[in-house]
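Hi,

Here is the structure I promised you. Have a look first, and my notes follow below.

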Amino acid sequence: MLKKQETANTGRASRPFLVLSMTIAAIVLTACTKKQAQELGPDPDGGDEPVTVTNVSYNNFAKALLEAKCSSCHAPGRGASAKWTFSGYSSVKDNSAKINNAVLVIKSMPIGGSLTAKEIELLDAWIKRNTPEN
Ligand code: HEC
């Protein structure tokens, strides 16, 4: 008789605890999802608008691309700076024909690396739009 009561009590007591645990789990999961969404959000330097073939510029795309994929060899004082020195907007604009040829036509650059299809598309669009700075 006593044993039966105990079992019943245990059953009643564990239900609110289960609900509470599930609520906490749901809150934690939601918080993680929100945090990831923020981390994957647009680059603060790129502004709010996504970069497309119609708005691509030096400041929203080309500068960061060249820094990431070319400056290891073409920054001032680097190994290949005699061929082309990457030192800001005019150093790119003034050499856009050479860059176009090396990266998009004969595809000899970047040595030891590669551009994604999206990067190639945007770089091509940027050069065709006459290399706008902004
Ligand atoms: C690992 C080093 C390295 C990287 C990374 C690299 N280059 Fe080069 N680049 C060279 C060397 C070495 C040369 C000279 C030899 C040659 O022309 O093939 C050169 C030459 C060039 C030239 C001159 C070509 C000519 O016609 O005279 C241009 C323009 C150029 N690179 C652009 C780029 C661009 C743009 C990137 C990035 C997308 C890049 N390079 C990445 C090493 C590199």
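Let me start with Asn 134: leaving aside residues up to four places away in sequence, Asn 134 touches Ser 57 and Asn 59. Its C-alpha atom is separated by 6.1 Å from that of Tyr 58, although the two are 76 residues apart along the chain. Asn 134 is found in the segment after H6. It counts as exposed because just 8 other C-beta atoms lie within 10 Å, and the cut-off for exposed is 12 or fewer.

Bear in mind that this is a predicted model. The mean pLDDT of the protein is 82, with 65% of its residues at 70 or more. Residues 32–42 are a stretch to treat with care: pLDDT stays under 50 there, and the model gives them two contacts beyond four places in sequence. Where pLDDT is low, predicted coordinates shouldn't be read in detail.

Now the core. The largest nonpolar one has 14 residues, and Phe 61, Ala 62, Leu 122 and Trp 126 have the most contacts inside it. Helices H2 (58–69), H5 (96–105) and H6 (117–128) each supply at least two of its residues. Ala 62, for one, touches Val 92, Leu 123 and Trp 126, again not counting residues up to four places away in sequence.

Then there's the ligand. It is surrounded by 19 residues, the closest being Cys 70, Cys 73, Ala 80, Met 109 and Pro 110. By class, the shell has 10 nonpolar, six polar and three charged residues. Helix H3 (71–74) and H5 each supply at least two shell residues, and the largest share, four residues, comes from H5.

Cheers

Key
Residues are numbered from 1 along each chain as its sequence is written. This is a predicted model: local features need pLDDT of at least 70, side-chain atom pairs count only at pLDDT 80 or more; totals for chains, interfaces and linings use all residues. A nonpolar core is a set of buried Ala, Val, Leu, Ile, Met, Phe, Trp, Tyr and Cys residues joined through C-beta atoms within 7 Å. A residue is buried if 20 or more other C-beta atoms lie within 10 Å of its own, exposed if 12 or fewer, and partly exposed in between; C-beta atoms are placed from the backbone. Two residues are in contact if their C-beta atoms, placed from the backbone, lie within 7 Å. A residue is near a molecule or strand if its C-beta atom, placed from the backbone, lies within 6 Å of it. Ala, Val, Leu, Ile, Met, Phe, Trp, Tyr, Cys and Pro count as nonpolar, Asp, Glu, Lys and Arg as charged, and the others, Gly among them, as polar. pLDDT is the predictor's confidence in each residue, from 0 to 100.
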